[in-house]
Amino acid sequence: EFAEALRGQRLRTASVVRQALRRAGQSSPDGLSEELNEVSHALDGTLVELDRAAEELRVQNEALFSARLELEGSAAVFRDLFESAPCAYVVTDSDTCILYANEAACSLLQRPKNALAGKPLICFVPLEYRADFRTAVARSNVSTETTSWPAVLFPSGASAKLTCRMRVR
């Protein structure tokens with residue numbers, strides 16, 4: 001839209017300036033009309049550059065739009081794979097606040113997605129295991145490699161603790 005508006009403004013401006021230059025050239029002495037001719041050529045050059053800039057903006061906009069559609073398609077595929085994975089996957093920030101959880105994780109933790117979002121994962125760790133959990137998380141936060149450790153979770157309303165393996169990157 002911006003490129004098209006720029007092109008339209010350029011056409012209106014060119015028309016107004018050419019008409020003004022024509023009138024000025026008709027009512028001015030010969031020496032001034034040569035200067036007006038130079039101004040007209042300079043203005044034409046500028047307007048051509050504006051046309052090229054508007055066309056480049058249009059091409060870039062089309063490329064961005066195409067890339068966005070491709071990225072959204074890829075993201076949808078990975079989102080579907082994440083959601084339908086048979087293993088529980090939980091994405092957290094470095095403080096273990098849950099950002100995303102797949103269906104398997106919701107089933108494991110016995111909570112709907114909206115109840116998990118923003119909740120610290122440590123809330124599902126029994127009190128006696130929280131110090132070890134915090135230590136393991138701190139160790140994982142300083143490493144760029146995938147770390148793994150055993151953990152114990154106690155989902156809301158569960159009758160027993162779950163022993164699992166955390167993999168963190």
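These exercises walk through a predicted model, one feature at a time.

Residues are numbered from 1 along each chain as its sequence is written. In this predicted model, local features need pLDDT of at least 70, side-chain atom pairs count only at pLDDT 80 or more, totals for chains, interfaces and linings use all residues, and side-chain values use heavy atoms, without hydrogens and water.

**Exercise 1. Find where confidence in the chain is lowest and where it is highest.**

Start with the scale: pLDDT is the predictor's confidence in each residue, from 0 to 100. The chain average is 85, and 92% of the residues score at least 70. Next, look at the elements, where helices (H or I, at least four residues) and strands (E, at least two) are DSSP runs numbered from the N terminus. Helix H1 (residues 2-26) is lowest, with a mean of 72. Strand S2 (residues 98-101) is highest, at 94. Where pLDDT is low, the coordinates should not be read in detail.

**Exercise 2. Place Thr147, decide whether it is buried or exposed, and list what it touches.**

Thr147 belongs to strand S3 (residues 147-153). Its relative accessibility is 19%. Buried means under 20% relative accessible area, exposed over 50%, partly exposed in between (1.4 Å probe, protein chains only). Thr147 therefore counts as buried. Now take contacts, meaning heavy atoms within 4.5 Å. Leaving out residues up to four places away in sequence, Thr147 touches Ser140, Met166, Arg167 and Val168. The side chains of Thr147 and Ser140 also share a polar contact of 2.5 Å. Such a contact is a pair of N or O atoms within 3.5 Å; within protein, one must be able to donate a hydrogen and the other to accept it, and residues adjacent in sequence count only if both atoms are side-chain atoms.

**Exercise 3. Classify Thr163 and give its distance from Ala54.**

Thr163 sits in strand S4 (residues 162-168). Its relative accessible area is 69%, so Thr163 is exposed. Not counting residues up to four places away in sequence, Thr163 touches Ala151 and Val152. Thr163 and Ala54 are 109 residues apart in sequence. In space they are 61 Å apart, C-alpha to C-alpha.

**Exercise 4. Describe Thr96 and Gln110 by phi, place and accessibility.**

Thr96 is not a glycine, yet its phi is positive, about 70 degrees. Thr96 lies in the loop between strand S1 (90-92) and S2. At 8% relative accessible area, Thr96 is buried. Gln110 is not a glycine either, and its phi is about 55 degrees. Its loop runs between helix H3 (103-109) and helix H4 (113-116). Gln110 has 44% relative accessibility, so it is partly exposed.
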